[in-house]
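Hi there,

Here is the structure I promised to pass on to you. Have a look at it first, and then read my notes below.

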Amino acid sequence: MRSSRTSIVVAAALLLCACSDAGPRGRRAARPLTDFDALTVEQTACLFNCPVFEVKIFSDGRVRHSGPSFEHTGGAHESRIDDQGLAQIAKALRDARLDEMRDRYSEAADGCELPATDMSTILVSLSRGRGYRNKSVEIYTGCLGPSVPTERINALIKAIDPVTGTGALLEQREQAARMRQRPAGDSLPGPRG
C-alpha cells in the first residue's frame, strides 16, 4: 500500500514539474521563428566589378546592409522584416544544411576542379545562441566540382534576397551613383515627339 501511495505522489510531482514552465494560464512562450541569433552573408570583390557587401539578419527581424558597396553610395542601410520573412529565411537555412558543409571551398583539397580565377568569395556565417554551435562557410565562386555545394548556397542566397531586398537595394544604389557621376550637361534621352 505504501509503495502505491509513493508511486502516485512521484507521478503527481513529475506532472507538476512538467507543467511548471508553462507560465500564466492561457499564455504560451513565443516559439522562435529562426534557428539563429544572426545570419550574415558577405560578398567580396572580383575582377568584374562585383558588389562588395554584408547583409546581417537578426532573429528579431532587423536587417543591416553594409560594406563598401553601401558605404560608397550613401552609407549603411537598416530595415526590418516580418515574421513570415524570418520563417522563410529559417526554412532556407534548414534546406541549405550548412552544418553538413565544410568550412571552406576554395582549392583542390576542398573539391575544386579547374577553379576559375578573379571571382568573388561568399561567406555565410550563422550565429546561434549560447550553448549552440556557430557555423561559417566560405565558398570561392570560382570553385566548382561535384562535392562543392554551389547549388545549396545559391538557393539560400536566392531565398534571402527577396526577403531582405539586398539585390534591389544594391541596384538602386548603383543607379544613384551613376546619376551622380554624369557630367552636368548630360541628360537622359527623353521621348521624341
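Searching the whole structure turns up 12 salt bridges. Please keep in mind that this is a predicted model. I will go through a few of those salt bridges, and then turn to the disulfides, a surface patch and two residues of a helix.

**Salt bridges**

Start with Glu78 and Arg64, whose side chains meet in a salt bridge with an N to O distance of 2.6 Å. This pair links distant parts of the chain: Arg64 belongs to strand 3 (residues 62-66) and Glu78 to strand 4 (residues 77-80), and the two are 14 residues apart. How accessible are the two partners? Glu78 has a relative accessible area of 55%, so it counts as exposed. Arg64 has 34%, so it is partly exposed.

Next, find Asp99 and Arg133, whose side chains form a salt bridge at 3.4 Å, N to O. Here, too, distant parts of the chain are linked, with the two positions 34 residues apart in sequence. Asp99 sits in the loop between helix 3 (83-96) and strand 5 (104-105), while Arg133 sits in the loop between strand 6 (121-127) and strand 7 (135-140). Asp99 is partly exposed, at a relative accessible area of 40%, and Arg133 is partly exposed as well, at 49%.

The third pair is Arg102 and Asp110, with their closest N and O atoms 3.3 Å apart. Are these partners buried or exposed? Arg102 falls in between, being partly exposed with a relative accessible area of 41%. Asp110, on the other hand, has a relative accessible area of 8%, so it is buried. Salt bridges can also share partners, and in this way Arg97, Glu100 and Arg152 are joined into one network.

**Disulfides**

How many disulfides does the structure have? The count comes to 2. If you number the bonded cysteines of the chain in sequence order, they pair as 1-2, 3-4.

One disulfide is formed by Cys46 and Cys50, with their sulfur atoms 1.9 Å apart. The torsion about its S-S bond is about 90°, which means that this disulfide is right-handed. Cys46 is buried, because its relative accessible area of 15% is under the 20% cut-off. Cys50 is partly exposed, with a relative accessible area of 23%.

The other disulfide joins Cys112 to Cys143, with an S to S distance of 1.8 Å. Cys112 is in the loop between strand 5 and strand 6, and Cys143 is in the loop between strand 7 and helix 4 (150-164), so this pair ties together parts that are 31 residues apart in sequence. Its handedness is easy to work out: the torsion about the S-S bond of Cys112 and Cys143 is about -100°, so the disulfide is left-handed. Cys112 counts as buried at 6% relative accessibility, and Cys143 counts as buried at 1%.

**A nonpolar patch**

Now turn to the surface. Leu47, Phe48 and Met119 form a nonpolar patch there, and together they have about 320 Å² of accessible area. Phe48 is found in the loop between strand 1 (38-43) and strand 2 (53-58). Why does Phe48 count as exposed? Its relative accessible area is 60%, and exposed means over 50%.

**Two residues of helix 2**

Last, zoom in on helix 2, which covers residues 68-71 and includes Ser69. What does the side chain of Ser69 reach? It comes to 2.7 Å from the backbone nitrogen of Val52. Leaving aside neighbours within four places in sequence, Ser69 is in contact with Pro51, Val52 and Leu170.

Glu71 lies in helix 2 too. Glu71 is partly exposed, at 45% relative accessibility. With neighbours within four places in sequence left aside again, Glu71 is in contact with Ser66 and Ala76. Val52 is a useful landmark here: its C-alpha atom is 10.0 Å from that of Glu71, and the two residues are 19 residues apart along the chain.

Enjoy exploring, and write back with any questions!

Best wishes

Definitions and conventions:
Residues numbered from 1 in each chain as written. Predicted model: local features only at pLDDT ≥ 70, side-chain atom pairs only at ≥ 80, totals over all residues. Heavy atoms only, no water. Salt bridge = Lys/Arg side-chain N within 4 Å of Asp/Glu carboxyl O. Helix = DSSP H or I, 4+ residues; strand = E, 2+ residues; numbered from the N terminus. Buried < 20%, exposed > 50% of the residue type's maximum accessible area, 1.4 Å probe, protein only. Polar contact = N/O pair within 3.5 Å; in protein donor to acceptor, adjacent residues only side chain to side chain. Contact = heavy atoms within 4.5 Å. Disulfide = S-S within 2.5 Å. Patch = residues over 30% accessible without salt bridge, like charges linked within 9 Å, V, L, I, M, F, W, Y side chains within 5 Å. Areas by Shrake-Rupley, 256 points an atom, 1.4 Å probe, with all protein chains shown as cover.
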